[in-house]
Amino acid sequence: MKTTIIIIIITLCLISGQVLCFSVFGCTGGSVMFKCMYKSNDQHKEKYFCRNTDCTTGISTETQRQWVYNGRFNLYDDENSRFFTVFIRNLSREDDGEYTCGNKQKWSHDVTLVVNNKSSSCGTSVIRSAYIGQTITFSCKYDHKFKKYTKVFYRLNVGPVHVLNSSQSSQSSEEKFILSDSQKDHFNVTIRDISTADSGVYLCGVERHESDDQPSETSITHITFIKEIHLNVSSQISSVQVEAYISKSVFIKCKFPQKFKGNKKFIQKDSSLKIPVDEQNQWVHHDKLHMYDDTSGGVLKVFISDLTAADEVTYRCGVNINNDEDLFTEIKLTVNQDHQFNTSSKSAAVIGESVKLTCNYPEKHNETIKHICKENNEKICQNISSSEKKRFEFSDSTAGVFTVIISNVSWRDAGVYWCGAETKHKHVTSVSLTNKHELTLTMPPVVGREGDSAEIKCPYDANQTKEIKHLCKGKCFTEDAQKIIRSDEDHVKNPKVSVKDDTELNLFTVIMTELRAEDAGKYWCAVKDVFNLPIELMIVMKDVITHEASVGGSASISCKYIRNQNQGFFCRGDQINICVRDGVRVSSNNRINGRFSLTDETSAGVFTVNISNLTAEDSGKYWCAEENSGSFIFTEVHLHVNGEMTTSDTKSKTSQDKEKSEMTSSDPKKKTKKPEMTTFDTKTETSQDKEKPGFSVIVPVSVGLILLALVIVLILFKLKHKHGIVSSTDKRQRGDHETVQEQIQDTRRHSDTDPESTHLYSTVQLPTNPSDSQNTLYSSVQLPTNPSDGLLYSSISFQKNEGSLSDATVKFSKEENCCEYASVNHSITTK
């Protein structure tokens with residue numbers, strides 16, 4: 001139908017010789033430009049191109065040599081030529097129809113404007129970006145029927161159109177604008193050495209005319225523009241290299257001159273369209289890119305998470321400085337394989353305490369600033385606020401590793417953290433985030449004693465004041481959770497549990513009374529399903545275990561399981577939380593820890609802990625504990641270690657000392673050493689020992705041995721005088737204790753200064769008061785079996801006291817290259 005109408009119009013135009021008729025073809029969304037011819041004597045008349053007589057649709061003017069605009073219609077009358085030019089932009093289907101161009105007085109031409117929307121190449125409009133000094137090339141696609149026509153490249157200018165090049169023009173590789181029509185369905189246009197003046201709108205199209213011949217000056221032609229190219233030219237501030245890792249994140253900050261801090265910012269990926277940041281001072285996202293236009297600092301922040309190899313491209317972050325010009329920084333992002341950094345880790349911290357996070361970074365960035373940030377609800381890792389930074393302490397541990405200690409942890413610290421190394425350039429700061437930490441928090445454990453009460457305190461955020469709070473055993477809003485109470489419930493339903501919600505302190509408190517062992521476990525404070533905070537309730541049983549032992553001995557403590565099939569452990573500490581965290585500990589999984597060992601007797605429902613080689617410092621408070629799925633029950637243990645050993649401990653100690661002496665004597669390297677003197681505790685007997693058979697025989701034998709010892713002492717004194725051991729006869733004639741002690745000191749000094757001298761030692765101590773229980777008779781004789789290193793030792797002790805026990809022992813020992821030793825201890829006691 002459309003073709004039929006065009007044919008009829010052309011036929012009428014041929015019949016009429018007074019009116020020149022022609023057709024113009026355009027594309028929907030494209031542009032069209034054509035010329036209306038007139039006689040030379042009409043150049044000063046008013047020109048028009050209109051659809052109707054009043055020219056409401058179209059344009060008219062008397063102005064010459066200047067473009068006149070009326071919406072999408074433009075007209076330029078060149079008085080020196082025989083035509084005026086009409087340019088119509090952004091064509092639509094409504095523009096299709098009959099028009100007239102001419103002047104008001106003498107002449108007119110009928111023009112048929114045909115707007116086609118069927119071709120896929122019609123009306124294409126693209127935006128291209130380039131920076132100063134760059135060369136770009138773009139293509140213009142056309143319908144195959146336009147192959148033989150001339151291709152043109154125009155620019156909208158003050159004109160508003162200005163021809164730049166044509167396929168009929170001679171081409172030179174040195175030209176700024178180069179048009180190449182060597183392809184089947186498109187031609188290419190190249191712009192070299194781009195400057196800021198090259199910003200603007202360009203048009204590429206096909207020039208059509210009446211015949212297949214080349215258009216002449218008088219022929220009627222028109223240009224169908226099939227493509228618009230909007231070229232933005234930016235000034236490059238700098239170009240930087242940013243390094244990141246697959247599956248990790250990167251945080252980039254682009255800084256611009258302060259005078260442009262309020263201007264619109266953008267991100268451009270490779271040569272694709274610019275992504276404008278439409279909102280200021282808030283995060284906006286586009287696919288994987290998250291952007292924040294910080295107008296206060298003139299900074300554009302860009303966060304890219306879950307990096308892949310496809311993200312390794314060149315980015316430009318820029319700011320628009322006027323309508324046609326931008327400033328930008330080029331960022332060449334490299335995304336490396338992650339072979340050296342830990343995967344995501346999970347950490348737990350107790351509120352009010354500290355937690356340490358370990359972070360890796362490339363060793364080549366050893367001098368860079370270390371960085372940590374926290375994800376928000378939109379998965380964007382934001383810097384820690386300045387008010388909170390004082391709780392974050394950084395320290396380097398080894399090359400490529402640093403730690404962050406968060407002190408005085410609060411429930412707001414829960415969440416996901418990223419840490420890495422920060423690299424600074426003049427206009428760009430980048431942080432390669434390499435470690436992800438998921439931090440969960442718990443309240444300090446609550447300890448309650450069996451039969452007593454305990455308070456579980458649950459903090460919440462100020463914006464949750466009007467929400468219903470929950471306390472559950474197990475994580476709230478899960479299938480296995482056991483609901484304890486809600487903030488809006490009456491505790492009459494469960495008289496053992498009451499609740500108080502303090503909205504001023506933002507604290508939800510639950511009081512549990514008449515505690516039992518089965519109340520132990522992990523509880524959760526919750527507000528809706530967005531806030532869950534775990535709290536451990538530990539139960540201490542009423543019974544207390546008290547155990548006494550002696551220094552050097554051992555202690556065996558039996559702990560009873562309150563429940564079956566649990567894990568038992570044993571630890572030390574005045575407080576339970578100190579015991580569990582820092583105390584000496586053995587358990588069903590770790591049965592030996594130094595002097596501590598654990599034996600699990602599950603059939604008897606107990607486990608036994610043994611502590612060997614006790615010291616006085618081992619006295620204190622311990623705990624028997626059992627754990628089942630995070631539920632703890634404790635029994636308090638008091639261990640008292642006495643300073644004296646019991647009879648069994650003495651025998652054990654004596655045996656150990658004998659073995660030690662034998663080991664020392666058998667070592668030839670230690671033969672020249674003085675033997676250590678071992679003091680034995682006197683064995684204590686009860687009054688029943690007096691009635692034992694042979695008691696009356698022991699006394700005479702003891703007295704006889706004492707007399708024999710006295711004779712030996714006299715002989716020894718004589719030998720000492722002969723060998724010069726005692727140098728003064730006056731000292732030998734004295735019988736008092738002080739004189740004997742002086743002799744001993746002289747003898748020791750002599751032996752110390754002369755290592756080769758024979759070790760001979762004798763001591764006699766007689767009671768000055770027979771009733772004094774502390775006065776003893778003691779004699780020691782030391783003779784060498786080998787003149788150089790042998791030792792002879794004799795010891796006799798006599799004690800008489802009516803208020804004490806009786807004891808007499810005799811012991812001889814002789815071994816080659818060892819010591820000769822004899823000991824007699826005697827005491828008489830009458831009760």
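What is the handedness of the link between Cys254 and Cys317, given the angle about the S-S bond? With -95° about that bond, the link of Cys254 and Cys317 is left-handed. The structure described in this report is a predicted model.

## Disulfides

A disulfide is a covalent bond between the sulfur atoms of two cysteines. The model contains 9 disulfides, and three of them are described here, beginning with the pair named above. In the disulfide of Cys254 and Cys317, the sulfur atoms lie 1.8 Å apart. This pair links distant parts of the chain: Cys254 belongs to strand β18 (residues 249-255), Cys317 belongs to strand β24 (residues 314-320), and 63 residues separate the two. Cys254 has a relative accessible area of 0% and is therefore buried. Cys317 also counts as buried, because its relative accessibility is 1%; the cut-off for this term is under 20%.

A further disulfide joins Cys140 to Cys204, with an S to S distance of 1.9 Å. The angle about its S-S bond is -105°, and the link is left-handed. Distant parts of the chain are again connected, since Cys140 is in strand β11 (residues 136-141) and Cys204 is in strand β16 (residues 200-209), 64 residues apart. Both of these cysteines, Cys140 and Cys204, are buried.

Cys359 and Cys419 are likewise joined by a disulfide, with 2.0 Å from S to S. This link of Cys359 and Cys419 is left-handed, with -105° about the S-S bond. Cys359 is found in strand β27 (residues 355-360) and Cys419 in strand β32 (residues 415-424); the pair links distant parts of the chain, 60 residues apart. Cys359 counts as buried because its relative accessibility is 0%. The value for Cys419 is 0%, so Cys419 counts as buried.

## An enclosed strand

Why is strand β12 described as largely enclosed by the rest of the structure? Strand β12 covers residues 150-156, and 7 of its 7 residues are buried, so the strand is largely enclosed. Both faces of β12 are covered. On one side, Thr150, Val152, Tyr154 and Leu156 are buried, and on the other side Lys151, Phe153 and Arg155 are buried.

Strand β12 has antiparallel pairing with two strands described here. With β16, the pairing extends over 6 bridges, and the bridge partner of Phe153 in β16 is Cys204. That residue is the cysteine joined to Cys140 by a disulfide. With strand β13 (residues 161-166), β12 pairs in the antiparallel sense over 5 bridges. In this pairing, Tyr154 stands opposite Val163 of β13.

## A sheet of four strands

Another part of the model holds an open sheet of 4 strands with antiparallel pairing, in the order β41-β46-β45-β44. Its edge strands are β41 (555-560) and β44 (592-593), each of which pairs on one side only. The pairing of β41 with strand β46 (residues 606-611) is antiparallel and runs over 6 bridges. Within β46, Phe607 stands opposite Cys559.

## Salt bridges

How many salt bridges does a search of the whole structure find? The search finds 22 salt bridges. One of them is formed by Arg72 and Asp95, whose closest N and O atoms are 2.9 Å apart. These residues come from distant parts of the chain: Arg72 lies in the loop between β5 (68-70) and β6 (73-77), while Asp95 lies in the loop between β7 (83-88) and β8 (97-103), 23 residues apart. Arg72 is partly exposed because its relative accessibility is 30%, whereas Asp95, at 5%, counts as buried.

Arg516 forms a salt bridge with Glu518, and the closest N and O atoms are 3.2 Å apart. The relative accessible area of Arg516 is 43%, so this residue is partly exposed. Glu518 also counts as partly exposed, at 45% relative accessibility. Elsewhere, salt bridges with shared partners join Glu388, Arg391 and Asp413 into one network. Within this network, the closest N and O atoms of Arg391 and Glu388 are 2.6 Å apart. Arg391 is buried, with a relative accessible area of 12%, and Glu388 is partly exposed, with 31%.

## A nonpolar surface patch

Which residues form a nonpolar patch on the surface? The patch is formed by Val703, Leu707 and Leu710, which together have about 240 Å² of accessible area. Of these residues, Leu707 lies in helix α4 (residues 695-723).

Notes: Residues numbered from 1 in each chain as written. Predicted model: local features only at pLDDT ≥ 70, side-chain atom pairs only at ≥ 80, totals over all residues. Heavy atoms only, no water. Patch = residues over 30% accessible without salt bridge, like charges linked within 9 Å, V, L, I, M, F, W, Y side chains within 5 Å. Areas by Shrake-Rupley, 256 points an atom, 1.4 Å probe, with all protein chains shown as cover. Salt bridge = Lys/Arg side-chain N within 4 Å of Asp/Glu carboxyl O. Disulfide = S-S within 2.5 Å. Buried < 20%, exposed > 50% of the residue type's maximum accessible area, 1.4 Å probe, protein only. Pairing = 2+ DSSP bridges.
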